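Let's take a walk through this structure together. Keep the picture open and follow along as we go.

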2 protein chains.
Amino acid sequence: MSDAGTIYIGEKPIMNYVLAVVRKINGENNGVTIRARGRAISKAVDVALITKERFVPSDIQEIRIETEKLQDKDGKPLNVSSISILLSRI
Amino acid sequence: MSDAGTIYIGEKPIMNYVLAVVRKINGENNGVTIRARGRAISKAVDVALITKERFVPSDIQEIRIETEKLQDKDGKPLNVSSISILLSRI
């Protein structure tokens with residue numbers, strides 16, 4: 001799925017992301033990928049479950065976890081876990 | 001899978017859990033379920049990926065997320081997200 005159907009979870013309050021996901025999943029894509037890294041992973045899971053249980057009848061189609069190899073500000077390698085949750089409207 | 005093959009992720013340092021998972025996955029079960037709630041979800045993902053990439057060749061067989069309905073200390077309902085990651089030795 002392209003980035004057009006992706007919501008990246010960051011530092012904002014959780015309901016900001018839920019609303020973004022609801023808008024996207026009700027749009028033309030019929031589905032959305034919720035992505036997060038590091039400590040935001042827990043929030044991504046909350047966003048997916050709150051959307052599914054309170055706002056849009058939807059299925060969790062796929063969950064992937066992987067290690068992303070980034071660089072810290074001094075250029076040293078930095079391994080960060082990430083999650084992708086694909087949510088589709090029923 | 002029964003609780004005999006489950007590691008619950010909590011407040012301890014991450015490598016404690018990695019070592020517990022490595023011991024379990026190399027034991028009689030050939031697999032282990034890593035479970036966590038709330039903010040420990042990110043740590044559970046780290047534990048699964050560190051085990052798989054650095055210690056035991058293994059596959060992530062399944063990832064489930066769900067909302068657990070608990071009670072807070074005053075008996076009020078409390079919804080908490082949880083994750084289960086099933087890791088199997090290759």
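In chain B, strand β3 (residues 58–71) and β4(B) run antiparallel to each other and are paired over 13 bridges. Bear in mind that this is a predicted model. The two strands make a hairpin with five residues between them, and B:Gly75 in the turn has a positive phi of about 85°. Look for B:Gln71 too: its bridge partner in β4(B) is B:Pro77.

Strand β4 (residues 77–89) of chain B also pairs with strand β2 (residues 31–37) of chain B, again in the antiparallel sense, over seven bridges. Here you'll find B:Val32 opposite B:Leu87 in β4(B).

Now, which residues have the most contacts inside the largest nonpolar core? They are A:Ile83 and B:Ile83, in a core of 48 residues. Beyond its neighbours within four places in sequence, B:Ile83 touches A:Ile83, and its other contacts include B:Ile34, B:Ile41, B:Val45 and B:Ile65. In soluble globular proteins, nonpolar side chains tend to be buried together.

How do the two chains relate? Turn chain B by 180°, with 0.0 Å of shift along the axis, and it lands on chain A with an RMSD of 0.0 Å. That's the relation of a two-fold axis. In chain B, the residue that comes closest to this axis is B:Ser42, with its C-alpha at 2.7 Å. And 100% of chain B's interface residues are also interface residues in chain A, so the copies meet through the same surface.

Last stop: A:Asn29, in the loop between α1 (14–25) and β2 (31–37) of chain A. A:Asn29 is partly exposed, with a relative accessible area of 35%.

Conventions: Residues are numbered from 1 along each chain as its sequence is written. Chains are lettered from A and ligands numbered from 1 in the order in which they are written. This is a predicted model: local features need pLDDT of at least 70, side-chain atom pairs count only at pLDDT 80 or more; totals for chains, interfaces and linings use all residues. Side-chain values use heavy atoms; hydrogens and water are left out. Copies are superposed by least squares on the C-alpha atoms of residues with pLDDT of at least 70 in both. Contact means heavy atoms within 4.5 Å. Helices (H or I, at least four residues) and strands (E, at least two) are DSSP runs, numbered from the N terminus. Buried means under 20% relative accessible area, exposed over 50%, partly exposed in between (1.4 Å probe, protein chains only). A nonpolar core is a set of buried Ala, Val, Leu, Ile, Met, Phe, Trp, Tyr and Cys residues joined through side-chain atoms within 4.5 Å. Two strands pair if DSSP finds at least two bridges between them.
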